[in-house]
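Here is a friendly walk through the pockets, a cavity and a few buried spots of one protein. Have your viewer open and follow along.

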Amino acid sequence: MGMTIAEKIVARAAGVSEAHANDIHTVELDYLMSNDGTTHLTIDMYNNLKHPHIADVSKLVWIVDHNVPCDSPKTAASQKKMRDFAKEHGITFYEGAGVCHQVMIENHVVPGQLIFGADSHTCAYGALGAFGTGVGCTDYLYGMVTGKSWVLVPETLRFNLTGKLGNGATARDLILTIIGQIGANGANYHAMEFAGPGMASLTMSDRIAICNLCVEAGAKTALMEVDDVTLEYLAAHGGRKPAACYTSDPDAKFEKVYDIDLSTIVPVVAKPHFVDNIAPVSECTGIKINEAFLGSCNNGRLEDLRLGASIIKGKKVAPTVRFLVVPASREVWLDAMKEGILDIFMEAGAIVMNPNCSVCWGSCQGVIGAGEVLISTGTRNFKGRAGDRDSFVYLGSAATVTASAIRGEICSAESL
């Protein structure tokens with residue numbers, strides 16, 4: 001029987017010739033990523049082991065990104081614990097470099113790898129053809145100590161893409177539309193695989209945005225076929241070589257296949273308080289906002305900033321709105337600065353921040369109060385995600401967020 005991309009990666013990691021959905025395999029992990037959200041808990045558990053040991057320190061990457069700069073003495077203490085432990089054990093460590101997934105994709109991830117991350121949006125690595133999945137502290141610690149773990153091979157949902165995005169739509173609108181179609185539990189413990197001729201029109205930034213949000217449909221991982229776009233990205237980021245490049249076999253078994261014509265996608269928003277509460281932007285036009293956020297591991301890349309800058313150039317942020325622009329990494333920040341993109345945002349009245357999770361995490365920057373409305377390119381919109389439990393978060397694309405910041409109410413870029 002043929003295998004899907006997910007099955008092939010698990011088979012490689014398990015050192016077996018075949019792996020199929022619902023098999024359980026012991027696997028060798030290629031990387032283990034952790035950030036300041038939970039690493040202090042992992043350290044505490046590690047220090048309580050009878051025989052603490054790191055199997056392969058070269059597989060560990062620790063990244064401070066959730067509270068940068070830190071917001072309290074408690075945060076400072078937990079980050080110091082992480083910093084000191086990483087230095088003591090020689091763990092690859094980043095601080096101030098950006099959001100963990102963007103940093104991993106820019107510097108470490110290659111096709112064919114199996115990666116555990118102590119963060120749910122690790123599925124973003126599928127944009128490079130890697131099996132990335134989020135785990136809790138206990139699973140992370142086991143992988144850290146042994147270099148291995150076990151995986152129940154997921155069933156695969158296949159999304160065949162045709163055509164090209166138009167109508168002012170972006171890849172962000174595409175994945176939000178898919179989540180609205182299948183539901184927030186529609187891909188529970190499944191791999192979401194994207195393929196088809198429509199892939200050729202999607203940039204690496206588009207692909208990361210799509211894979212990154214798949215966990216919001218419950219996916220175990222997200223995967224895309226490796227092509228010239230993938231290889232060109234790797235070449236431009238250190239000349240990294242794939243571990244393996246996989247496509248699904250013609251006779252691979254998929255639980256369900258979805259055919260999506262990209263030309264039918266329109267700008268959408270996810271309305272409070274559920275990520276699958278999807279509506280066209282046109283149905284939400286006129287809703288007043290207090291804050292707008294352009295950033296996060298989903299939509300904080302250079303292409304997103306370019307898009308926002310092209311919309312706001314020569315215009316001003318509405319006087320009733322706080323517009324936070326947060327590049328996803330130092331690399332993105334520097335590139336945006338060199339292109340004059342940050343100047344455009346600042347001149348328009350936006351607040352440009354350092355690379356970090358920022359408003360998406362809802363802890364250290366741009367926290368919103370009771371009754372306030374945020375439109376965001378972040379990853380989630382449940383109650384309290386960006387501040388007070390009685391606030392409201394709408395999710396939209398970089399174009400929709402920027403246009404809304406200008407008008408002071410939700411609107412599409414085409415309506416300006």
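## The largest pocket

In this predicted model, the largest pocket holds about 290 Å³ of space. Its lining is made up of 17 residues, and those nearest the centre are Met204, Tyr233, His237, Glu303 and Glu331. Five helices each give two or more residues to this lining: α4 (100-107), α7 (204-212), α8 (228-236), α10 (302-312) and α11 (330-338).

Which element gives the largest share of the lining? That is α8, with four residues. If you are thinking about the chemistry of the wall, the lining of the largest pocket splits into seven nonpolar, four polar and six charged residues.

## The second largest pocket

Next comes the second largest pocket, with a volume of about 230 Å³. It is lined by 20 residues, and here His66, Asp119, His121, Trp361 and Arg385 lie nearest the centre. The elements that supply two or more lining residues are α4 and α9 (296-299). Helix α4 is also on the corresponding list for the largest pocket.

By class, the lining of the second largest pocket has seven nonpolar, nine polar and four charged residues.

## Histidine 66, beside the second pocket's centre

Histidine 66 is worth a closer look, as one of the residues nearest the centre of the second largest pocket. You will find histidine 66 in the loop between β3 (60-64) and α3 (73-89). Is this residue buried or exposed? Histidine 66 counts as buried because its relative accessibility is 5%, and the cut-off for buried is under 20%.

The side chain of histidine 66 makes a polar contact of 2.6 Å with the side chain of aspartate 65. Beyond its neighbours within four places in sequence, histidine 66 touches Asn35, Asp36, Gly37, Asp119, Cys357, Trp361 and Cys364. Two of these contacts, Asp119 and Trp361, are also listed among the residues nearest the centre of the second largest pocket.

## The enclosed cavity

How many cavities of 30 Å³ or more does the structure hold? There is one, and the largest cavity has a volume of about 40 Å³. Its lining consists of Val359, Cys360, Leu374, Ser376, Gly378, Thr379, Arg380, Arg385, Ala386, Val393 and Leu395. Strands β17 (373-376) and β18 (392-395) each give two or more residues to that lining.

Six of the lining residues of the largest cavity are nonpolar, three are polar and two are charged. Arg385 links two parts of this tour: it lines the largest cavity and is also one of the residues nearest the centre of the second largest pocket.

## Lysine 59 in its loop

Lysine 59 sits in the loop between α2 (39-47) and β3. With a relative accessibility of 11%, lysine 59 is classed as buried. A polar atom of its side chain lies 2.9 Å from the backbone oxygen of leucine 29.

Not counting residues up to four places away in sequence, lysine 59 is in contact with Glu28, Leu29, Asp30, Tyr31, Leu32 and Gly147.

## One face of α2

Just before that loop comes α2, whose buried residues are Thr39, Thr42, Ile43 and Tyr46. Viewed down the axis of α2, these buried residues fall within an arc of 100°, so they line one face of the helix.

What do the buried residues of α2 pack against? Their partners are β2 (31-35), β3, α3 and α5 (137-146).

Key:
Residues are numbered from 1 along each chain as its sequence is written. This is a predicted model: local features need pLDDT of at least 70, side-chain atom pairs count only at pLDDT 80 or more; totals for chains, interfaces and linings use all residues. Side-chain values use heavy atoms; hydrogens and water are left out. Buried means under 20% relative accessible area, exposed over 50%, partly exposed in between (1.4 Å probe, protein chains only). A polar contact is a pair of N or O atoms within 3.5 Å; within protein, one must be able to donate a hydrogen and the other to accept it, and residues adjacent in sequence count only if both atoms are side-chain atoms. Contact means heavy atoms within 4.5 Å. On a 1 Å grid over the protein atoms alone, a cavity is a set of points where a 1.4 Å probe fits but cannot get out, and a pocket is an open set with protein on both sides within 12 Å along at least five of seven lines; lining residues have an atom within 4 Å of a point. Grid points are joined across faces, edges and corners, and a volume is the space filled by probe spheres set on the points. Ala, Val, Leu, Ile, Met, Phe, Trp, Tyr, Cys and Pro count as nonpolar, Asp, Glu, Lys and Arg as charged, and the others, Gly among them, as polar. The arc is that of the directions from the helix axis to the C-beta atoms.
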